[in-house]
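Hello,

Here is the structure I promised to pass on. My notes on helix packing and a few single residues follow it.

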Amino acid sequence: MLDVHRLRIFSSVVASGSVAAAAANLGYTPSAVSQHLTILQRETGLTLLERAGRGLRPTAAGLAVAAQAEEILARLSEAETMLSDLRTGRNGRLSMAYFASVGATWMPEVARRLTTDLPGVRLELQLRDDVALDPEDRPDIQLVVGRKGSITPGSGFDAHHLVDDPYVAVLPDHHPFACRTEIELAELGGEQWVDNDFAHGLCRLNLLDACAAAGFTPTFQIEAHDYATAIAFVSAGIGITVLPALSAQQLPANVRRIPVVRPAPVRSIYAVVRRSMAGTEPVQLVLETLLADQ
């Protein structure tokens with residue numbers, strides 16, 4: 001079995017033309033270099049170098065071995081680079097889950113940054129609102145909604161707070177409240193509401209709790225399965241809807257969004273990160289990108 005270290009020393013001697021020069025380049029003593037050359041020739045059973053004046057030159061066999069050694073060392077360098085990239089996360093895959101209302105606002109820029117800055121990383125995206133019970137089934141990063149100041153990421157994961165997202169009333173521009181700067185939630189108690197959350201998860205529960213605190217239960221005239229559909233019903237004049245502000249970034253021209261207050265429901269958005277991946281470059285880039293959007 002050839003010793004890679006001796007092949008590297010032999011290549012240096014061939015490239016420099018002398019033991020002294022190779023020793024200086026490698027930081028060894030000339031006697032140490034000579035010893036490695038002697039052992040390499042014994043291991044191969046070949047005469048690899050011959051005297052040429054005050055220096056050395058490779059024999060025909062030495063040239064052949066030197067060519068192979070150069071290829072071996074190049075491949076070894078590639079392998080070492082690959083291992084370093086894998087350790088830091090510059091190569092491989094990154095799995096990430098997100099929920100619908102941040103899909104259009106955040107995820108395109110996350111994907112652009114990763115593919116531009118770290119083209120060796122394969123980004124695997126999935127749309128999901130639930131968090132898997134088995135940690136092995138969870139992605140490396142998952143965007144989740146929690147109550148303000150309170151989230152349990154689970155064993156082996158850390159939660160990074162991204163933003164607190166207040167709710168807004170979305171209503172037609174001809175509505176009496178359309179010119180307001182804010183609307184007290186209780187003032188919407190008599191309106192015809194368009195539901196906007198088919199999953200009936202935490203985002204909807206936040207809203208219902210706020211309505212209860214304001215002294216009423218909203219009357220849902222229409223059940224829409226997502227925010228965009230609910231906004232379309234509002235645009236058609238069917239009713240009003242109340243939803244997180246991030247979900248109302250792009251509205252039809254005939255629709256207005258007004259902050260709701262007293263009480264003001266808020267959802268908090270977190271990035272839950274697998275702890276073993278936290279220090280890698282892709283995860284750091286994703287978190288940097290998400291925080292820069294706020």
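Helices α1 and α2 are oblique to each other, because their angle of about 120° falls outside the 65 to 115 range for roughly perpendicular and is not over 145. Bear in mind that this is a predicted model. Helix α1 covers residues 4–16 and helix α2 covers residues 19–26. Their axes lie 8 Å apart. The crossing of α1 past α2 is right-handed. On the α1 side, the contact uses Ile 9, Ser 12, Val 13 and Ser 16. On the α2 side, Ala 21, Ala 22, Asn 25 and Leu 26 take part. Sorted by class, this contact holds five nonpolar and three polar residues, with no charged ones.

Another residue of helix α1 is worth a look: Ser 11. Its relative accessible area is 19%, and buried means under 20%, so Ser 11 counts as buried. Leaving aside residues up to four places away in sequence, Ser 11 touches Ala 69, Glu 70 and Leu 73.

Next, the pair α5 and α8. Helix α5 runs over residues 107–117. It packs with α8 at an angle of about 140°, and the axes are 10 Å apart. These two helices are therefore oblique to each other as well; roughly antiparallel would need an angle over 145. The crossing of α5 and α8 is right-handed. From α5, the contact takes in Glu 109, Val 110, Arg 113, Leu 114 and Asp 117. From α8 come Pro 282, Leu 285, Val 286, Glu 288, Thr 289 and Leu 290. By class, the contact of α5 with α8 has six nonpolar residues, one polar and four charged.

Now α8 alone. This helix spans residues 281–292, twelve in number. At 1.5 Å a residue it should span 16 Å, and its end C-alpha atoms are 16 Å apart, so the two values agree. Its buried residues are Pro 282, Val 283, Leu 285, Val 286, Leu 287, Thr 289 and Leu 290.

Last, a loop residue. Is Gln 250 buried or exposed? Its relative accessibility is 75%, and the cut-off for exposed is over 50%, so Gln 250 is exposed. Gln 250 sits in the loop between β10 (241–244) and β11 (255–261). Its C-alpha atom is separated by 9.3 Å from that of Ala 228, which is 22 residues away along the chain.

Best wishes

Key: Residues numbered from 1 in each chain as written. Predicted model: local features only at pLDDT ≥ 70, side-chain atom pairs only at ≥ 80, totals over all residues. Heavy atoms only, no water. Axes fitted to C-alpha atoms, helices over the stretch in contact; angles between N-to-C directions. Helix = DSSP H or I, 4+ residues; strand = E, 2+ residues; numbered from the N terminus. Parallel < 35°, antiparallel > 145°, perpendicular 65-115°, else oblique. Left-handed = near helix turned anticlockwise from the far one by under 90°. Contact = heavy atoms within 4.5 Å. Nonpolar A, V, L, I, M, F, W, Y, C, P; charged D, E, K, R; others polar. Buried < 20%, exposed > 50% of the residue type's maximum accessible area, 1.4 Å probe, protein only. Expected span 1.5 Å × (residues − 1).
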